[in-house]
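Let's take a walk through a protein chain together. Keep the picture open while you read, and look up each spot as we get to it.

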Amino acid sequence: MAGEGRFLYWGSGSIPCWRPMIVLKEKGLEYGEKLIEFGKKEHKSEEVMKLNPRGQVPTFRDGNIVVNESGAICDYLEYTYPDQGTCLMPKDKAERALVLQRMYEMTNLTKKLMEEIVYYHFTTPADQICQETLAKKKEAAKVELKLWEEILEKQGAGSYIAGKDFTMADVHFFPILAWAVRGKVNIGAYKNLNEYYERVKERKSIVETSPPHWKEDPAGKDFFGG
């Protein structure tokens with residue numbers, strides 16, 4: 001069986017789906033896969049629902065073991081295959097503490113970029129969007145991005161989000177940054193974030209797992225510009 005029984009259901013453009021795909025590539029693990037089309041509601045198909053009653057992806061199977069939820073899949077892969085491929089969770093406890101901190105800190109970035117701005121666009125009719133409210137949300141997002149800019153600046157040139165090595169913190173961080181860049185965040189206004197983005201986007205695991213429809217349609221919707 002392909003990938004020794006490993007199989008992933010995923011959707012293009014989904015940040016939660018992208019993360020375990022990066023881990024699988026970093027670990028050098030072969031796996032079978034099925035690209036789910038959200039527009040056809042394939043995530044609600046019987047095939048997916050019997051593995052994940054919530055009808056969500058990513059959904060991952062490793063032999064008889066089924067793991068749902070993006071973060072759980074990433075952690076499962078790292079803890080199950082710790083010595084294969086890239087070590088994404090440092091063994092040194094101080095380094096591990098920093099990786100974990102960055103991973104959990106990322107909820108602030110997700111909230112400021114996705115929940116506050118993107119969901120506002122999705123849930124509010126265009127003629128009812130309050131430009132003053134939107135401007136405040138964008139300003140809060142800039143403050144959050146500045147914090148991450150300062151994190152990279154303190155760590156020095158060529159660093160990753162939790163130090164000198166690519167770790168699980170980057171697995172969690174890069175997809176949302178890439179999503180923001182596609183949504184017209186002016187990444188050039190942040191020297192260190194821009195350098196990080198340009199460097200990491202060329203990493204093999206990133207190139208090989210980038211959302212296929214992003215390559216077919218490079219121009220994303222403008223959520224953050226304008």
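## Starting inside helix H3

In H3, the residues Ser70, Ile73, Cys74, Tyr76, Leu77 and Glu78 are buried. What is lying on top of them? The cover over the buried residues of H3 includes helix H1 (15-27), S3, S4 and H6. Before going on, keep in mind that you're looking at a predicted model.

Now zoom out to the whole chain. How many helices and strands are there? The chain has nine helices and four strands. Going along the sequence, you meet them in the pattern β-α-β-α-β-β-α-α-α-α-α-α-α. The chain's radius of gyration is 18 Å, close to the 17 Å that the globule rule gives for 226 residues, so the chain is as compact as a globular protein of that length. If you drew a box along the principal axes, the C-alpha atoms would fill roughly 55 × 45 × 30 Å.

How much of the chain is tucked away? Of its 226 residues, 49% count as buried. Contacts tell another part of the story: among those with a separation of 6 or more, 67% are between residues 24 or more positions apart. As for the outside, the accessible surface comes to about 11,800 Å², and carbon and sulfur atoms account for 52% of that. There are charges to consider too: the chain has 33 positive and 34 negative ones, and the mean positions of the two sets are 2 Å apart.

Let's go back to Cys74, one of the buried residues of H3. Its relative accessibility is 0%, and that's why Cys74 counts as buried. Cys17 is buried as well, with a relative accessible area of 0%. So how many disulfides does the chain have? The count comes to zero. To count as a disulfide, two cysteine sulfur atoms have to be within 2.5 Å. The sulfur of Cys17 is 11 Å from the closest cysteine sulfur, the one in Cys74, so the two are too far apart for a bond. Seen from the other end, Cys74 is in no disulfide either, and its nearest cysteine sulfur, that of Cys17, is 11 Å away.

Next, a few spots where the backbone deserves a second look. Val57 and Pro58 are joined by a cis peptide bond, with omega at about 15°. You'll find Pro58 in the loop between helix H2 (46-49) and strand S3 (59-62).

Then there's Glu69, which sits in the loop between strand S4 (65-68) and helix H3 (70-80). What is its phi? The phi of Glu69 is near 80°, a positive value in a residue other than glycine. Is Glu69 buried or partly exposed? With a relative accessible area of 43%, Glu69 is partly exposed. Lys184 also has a phi near 80°, again a positive value in a residue other than glycine. Lys184 belongs to the loop between helix H6 (168-182) and helix H7 (191-200). At 35% relative accessibility, Lys184 counts as partly exposed.

Now move to the loop between strand S2 (32-36) and H2, where you can find His43. Buried means under 20% relative accessible area. His43 has 15%, so His43 is buried. Which residues does His43 meet? Setting aside neighbours within four places in sequence, His43 is in contact with Ile36, Phe38, Val48, Met49, Gly55 and Gln56.

Follow that list to Met49, which is in helix H2. Met49 is partly exposed, with a relative accessible area of 30%. Not counting residues up to four places away in sequence, Met49 touches His43, Lys44, Arg54 and Gly55. You can also trace from Met49 to Thr59: they are 10 residues apart in sequence, and their C-alpha atoms are 9.7 Å apart in space.

Our last stop is Glu105, in helix H4 (residues 93-123). Its relative accessible area is 26%, which makes Glu105 partly exposed. Which residues does Glu105 touch? Leaving out residues up to four places away in sequence, Glu105 touches Trp148 and Ile151. Try finding Gly156 as well: Glu105 and Gly156 are 51 residues apart in sequence and 20 Å apart in space, C-alpha to C-alpha.

Note on methods. Residues numbered from 1 in each chain as written. Predicted model: local features only at pLDDT ≥ 70, side-chain atom pairs only at ≥ 80, totals over all residues. Heavy atoms only, no water. Helix = DSSP H or I, 4+ residues; strand = E, 2+ residues; numbered from the N terminus. Rg over C-alpha atoms; globule rule 2.2 N^0.38 Å. Buried < 20%, exposed > 50% of the residue type's maximum accessible area, 1.4 Å probe, protein only. Contact = heavy atoms within 4.5 Å. Areas by Shrake-Rupley, 256 points an atom, 1.4 Å probe, with all protein chains shown as cover. Lys, Arg positive; Asp, Glu negative; His and termini not counted. Charge placed at Lys NZ, Arg CZ, Asp CG, Glu CD.
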